[in-house]
Amino acid sequence: SVLRQTYDNIEYIIIDGASTDGTVDLVKRYDDRIAYWISEPDKGISDAFNKGITLSSGEFVALINADDWMSPDQLEQAVKGLEHHPADFIFGDLIYHDENGVENHRITGDPEYARTINRKMPALCHPSVMARRTAYQRAGLFDLRYRYAMDYEWFLRLHRTGGCGIYSMNVTAHMRLAGISDRSYLNSLKEVRNITVRYGQPIWIAN
């Protein structure tokens with residue numbers, strides 16, 4: 001889905017955690033279309049995100065996990081949005097698909113996410129997000145302590161620095177059910193609770 005984007009000014013970086021499932025062989029088949037790739041042990045998804053962000057050189061950064069995919073014009077629409085608005089990031093909708101690829105349900109991004117982000121994870125669909133490099137420079141990278149809700153902690157941290165995002169109905173990402181956050185839903189909720197407490201939420205409300 002990255003190679004089929006209508007937007008072509010893409011620096012494609014792949015961070016693989018020393019997979020033994022044939023991923024590296026697949027990556028090598030597209031070596032001429034990938035700016036950089038690496039396969040080595042890491043400390044989880046946050047670590048992989050941070051490696052990719054650090055290695056990238058573009059003005060805008062989008063992250064996508066294995067088993068997720070982008071709509072053909074997702075990056076083009078995101079770049080257009082950020083070129084016409086000073087926001088730190090742009091986000092859209094996320095469509096979940098079952099194991100057969102059939103659409104299951106859609107999560108519509110919340111344009112008013114700032115009203116609730118201090119107490120819960122709003123509908124900020126991370127696979128749909130494109131952020132400015134300056135947002136990472138100001139808020140920092142992802143916190144390695146979190147394995148499931150690292151995106152929420154980063155959004156909240158950026159929000160606390162005065163950062164903001166804008167919603168676009170033209171940006172749509174896709175995710176297959178049974179990803180790591182789906183398989184560990186309770187662990188994800190616990191991390192969100194702990195993050196809100198860390199940033200000042202009373203424990204009884206967080207619970």
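## Exercises on a predicted model

Thr196 is placed in helix H7. The model is predicted, and the exercises below are to be solved from its atoms.

**Exercise 1.** Determine whether Thr196 is buried or exposed, and state which residues beyond its sequence neighbours are in contact with Thr196.

*Solution.* Begin with accessibility. The relative accessibility of Thr196 is 2%. Since buried means under 20% relative accessible area, Thr196 counts as buried. Next, set aside the neighbours within four places in sequence; the contacts of Thr196 are then Asn118, Arg119, Lys120, Tyr152, Gln201 and Ala206.

**Exercise 2.** Describe the largest nonpolar core: identify the members that touch the most other members and the element that gives the largest share.

*Solution.* The largest nonpolar core has 26 residues, and within this core Phe89, Tyr136, Phe142 and Trp154 touch the most other members. Two or more residues each are given by helix H2 (45–55), strand S5 (89–97), helix H4 (133–139), helix H5 (150–160) and helix H7 (185–198). H5 supplies six residues, the largest share of this core. Then examine Phe89. Apart from neighbours within four places in sequence, Phe89 is in contact with Leu82, Tyr113, Leu124, Val129, Met130, Ala131, Phe155, Leu158, Cys164, Gly165 and Ile166. Finally, a second core is separate and has 12 residues, among them Met70, Ala78, Leu82 and Ile90.

**Exercise 3.** Establish which residues of helix H3 are buried and which strands they pack against.

*Solution.* H3 spans residues 74–83 and is mostly covered, with seven of its 10 residues buried. These are Gln74, Leu75, Gln77, Ala78, Val79, Gly81 and Leu82. An α-helix has 3.6 residues a turn, so residues three or four places apart point the same way. The buried residues of H3 pack against strand S3 (60–62), strand S4 (68–70), S5, strand S7 (130–132) and strand S8 (165–176).

**Exercise 4.** Explain why Cys125 and Cys164 do not form a bond.

*Solution.* The structure holds zero disulfides. A disulfide requires cysteine sulfur atoms within 2.5 Å. The closest cysteine sulfur to that of Cys125 is in Cys164, at 18 Å, and is therefore too far for a bond. Taken from Cys164, the closest cysteine sulfur is that of Cys125, again 18 Å away. As to accessibility, Cys125 is buried at 5%, whereas Cys164 is partly exposed at 33%.

**Exercise 5.** Give the phi value of Ala18 and of Asp67, and locate each residue.

*Solution.* Most residues other than glycine have a negative phi. Ala18, however, has a positive phi near 60 degrees. Ala18 is found in the loop between strand S1 (13–16) and helix H1 (23–29), and is partly exposed at 35% relative accessibility. Asp67, which is not a glycine either, has a positive phi of about 80 degrees. The loop that holds Asp67 runs between S3 and S4, and the relative accessible area of Asp67 is 44%, partly exposed.

**Exercise 6.** State where Asn100 lies, whether Asn100 is buried or exposed, and what distance separates the C-alpha atoms of Asn100 and Arg176.

*Solution.* Asn100 is in the loop between S5 and strand S6 (103–107). With a relative accessibility of 63%, Asn100 counts as exposed. Along the chain, Asn100 and Arg176 are 76 residues apart, and their C-alpha atoms are separated by 9.1 Å.

Conventions. Residues are numbered from 1 along each chain as its sequence is written. This is a predicted model: local features need pLDDT of at least 70, side-chain atom pairs count only at pLDDT 80 or more; totals for chains, interfaces and linings use all residues. Side-chain values use heavy atoms; hydrogens and water are left out. A nonpolar core is a set of buried Ala, Val, Leu, Ile, Met, Phe, Trp, Tyr and Cys residues joined through side-chain atoms within 4.5 Å. Buried means under 20% relative accessible area, exposed over 50%, partly exposed in between (1.4 Å probe, protein chains only). Helices (H or I, at least four residues) and strands (E, at least two) are DSSP runs, numbered from the N terminus. Contact means heavy atoms within 4.5 Å.
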